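Hi everyone, thanks for making the time. I'd like to walk you through a structure that may be new to you, so let me put it on the screen.

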Amino acid sequence: MELESLTIGQYEFVQNAFSFGLAVMAATTLFLWFSRGLVTPNYRMAITISGLVTAIAGYHYLQIMLSWQSAFSVTVDTIETTGSPFNQAYRYVDWLLTVPLLLVELILVMKLARGETISKSVWLGGAAALMIILGYPGEVADTAGVRFTFWVLSMIPFLYIVYQLVIGLRGSIDKQPENVRGLINGAAYLVVVSWLFYPIVFLFPLIGLTGGAAIVAVEVGYTIADIVAKAVFGLLILAIAIRKSENETGERVAVPGTGTAKEPSSAGGSAKTAK
Ligand code: RET
């Protein structure tokens, strides 16, 4: 990484992107965990894990931001590198933990048979971990040849996951209740589209971007992709879990201020809403 070629404006843009990423992850974590009571116990694990993913990401964004700050010494009109490295490993450790969990979230909210849940989680989660492990040596490589070689290797598990999401989960998605099928399809496609950004961003330095511009494109690109893949995806999982809970209890969830809650029925029915 040619950190020396960064301008003050580029440094600050990346710093602000990291700070924004941290704020989004922290706020989403609180929102998801406080919303657990809106869903029935069947779906609480999916929501707990969604919040765990954004919590892990928030912690890593803090570390990434601190590492970024310590790599530079900035005054009003000068910027110099301090010699302290900008540590890429935080991003990859974050992905190693969160990417398999994101797939488990999607599988859990589908509430498949126990054996299917376990086998799909192990295969998809394992492929996701392999994809990240194979990408890291390319990310920190100095030569274009090595970067490209590990990109190709990492694309193999990546394509397997995309295939499973588009084709392999089809049967399970078709068995979902009709009014959540669209949302679950949307979640599977959101994974495919948001994940596609990563291998493309990874290639930026190989397609002519150099110096400060390449660093900005890669760091801001990954940050935007992370926000979509973790925070937006987590909220979609919450929406699916709320709708499925409503299907199973036959009552609307009481979301304060929206006026959607039903009065508990007088015929002995209980209010199966938020605890
Ligand atoms: C790498 C290396 C180059 C090839 C491929 C990659 C894929 C990365 C992906 C990361 C997904 C991260 C997510 C993070 C969390 O929110 C490792 C960049 C295919 C798909 C979803």
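I'll start with the overall layout, then go to the cavity and the ligand, and finish with a pocket.

One thing up front: this is a predicted model. The protein chain has 8 helices and 2 strands. If you trace the chain from the N terminus, the order is α-α-β-β-α-α-α-α-α-α, with the two strands coming after α2 and ahead of α3. For a sense of scale, the C-alpha atoms fill a box of roughly 75 × 40 × 25 Å along the principal axes.

Okay, let's look inside. How many cavities of 30 Å³ or more are there? The count is 1, and the volume of that cavity is about 290 Å³. Its lining is made of 20 residues, and the closest to the centre are Trp 95, Met 131, Ile 132, Tyr 198 and Pro 199. If you want to find those walls on screen, look for α3 (89-109), α4 (114-139), α5 (144-168), α7 (178-203) and α8 (211-249), each of which gives two or more residues to the lining. Which of them gives the largest share? That's α3, with 5 residues. As for the character of the lining, we have 15 nonpolar residues, 3 polar and 2 charged.

Now, what takes up that space? The ligand does: the space it takes is this largest cavity. The helices α3, α4, α5, α7 and α8 each give two or more residues to the shell around the ligand. In total, 18 residues surround the ligand, and the closest are Met 131, Ser 154, Trp 195, Tyr 198 and Lys 230. You've heard two of those names already: Met 131 and Tyr 198 are also among the residues closest to the centre of the cavity. The shell divides into 14 nonpolar, 2 polar and 2 charged residues.

Please zoom in on Lys 230 for a second. An N or O atom in the side chain of Lys 230 is 3.1 Å from an oxygen atom of the ligand. And how much of the ligand does the protein bury? Taken alone, the ligand exposes 530 Å², and the protein buries 100% of that.

Last stop: the second largest pocket, with a volume of about 180 Å³. Its lining brings together Asn 42, Tyr 43, Met 45 and Ala 46 with Leu 108, Lys 111, Leu 112, Arg 114, Thr 117 and Ile 118. Here α2 (41-71) and α4 each supply at least two residues, and α2 gives the most, with 4. By type, this lining has 6 nonpolar, 2 polar and 2 charged residues.

That's the tour, and I'm happy to go back to any of these views.

How values were computed:
Residues are numbered from 1 along each chain as its sequence is written. This is a predicted model: local features need pLDDT of at least 70, side-chain atom pairs count only at pLDDT 80 or more; totals for chains, interfaces and linings use all residues. Side-chain values use heavy atoms; hydrogens and water are left out. On a 1 Å grid over the protein atoms alone, a cavity is a set of points where a 1.4 Å probe fits but cannot get out, and a pocket is an open set with protein on both sides within 12 Å along at least five of seven lines; lining residues have an atom within 4 Å of a point. Grid points are joined across faces, edges and corners, and a volume is the space filled by probe spheres set on the points. Ala, Val, Leu, Ile, Met, Phe, Trp, Tyr, Cys and Pro count as nonpolar, Asp, Glu, Lys and Arg as charged, and the others, Gly among them, as polar. A residue is near a molecule or strand if one of its heavy atoms lies within 4 Å of it. A polar contact is a pair of N or O atoms within 3.5 Å; within protein, one must be able to donate a hydrogen and the other to accept it, and residues adjacent in sequence count only if both atoms are side-chain atoms. Accessible areas come from the Shrake-Rupley method with a 1.4 Å probe; for residues, only the protein chains shown count as cover. A molecule sits in a cavity or pocket if more than half of its atoms lie within 2 Å of its grid points.
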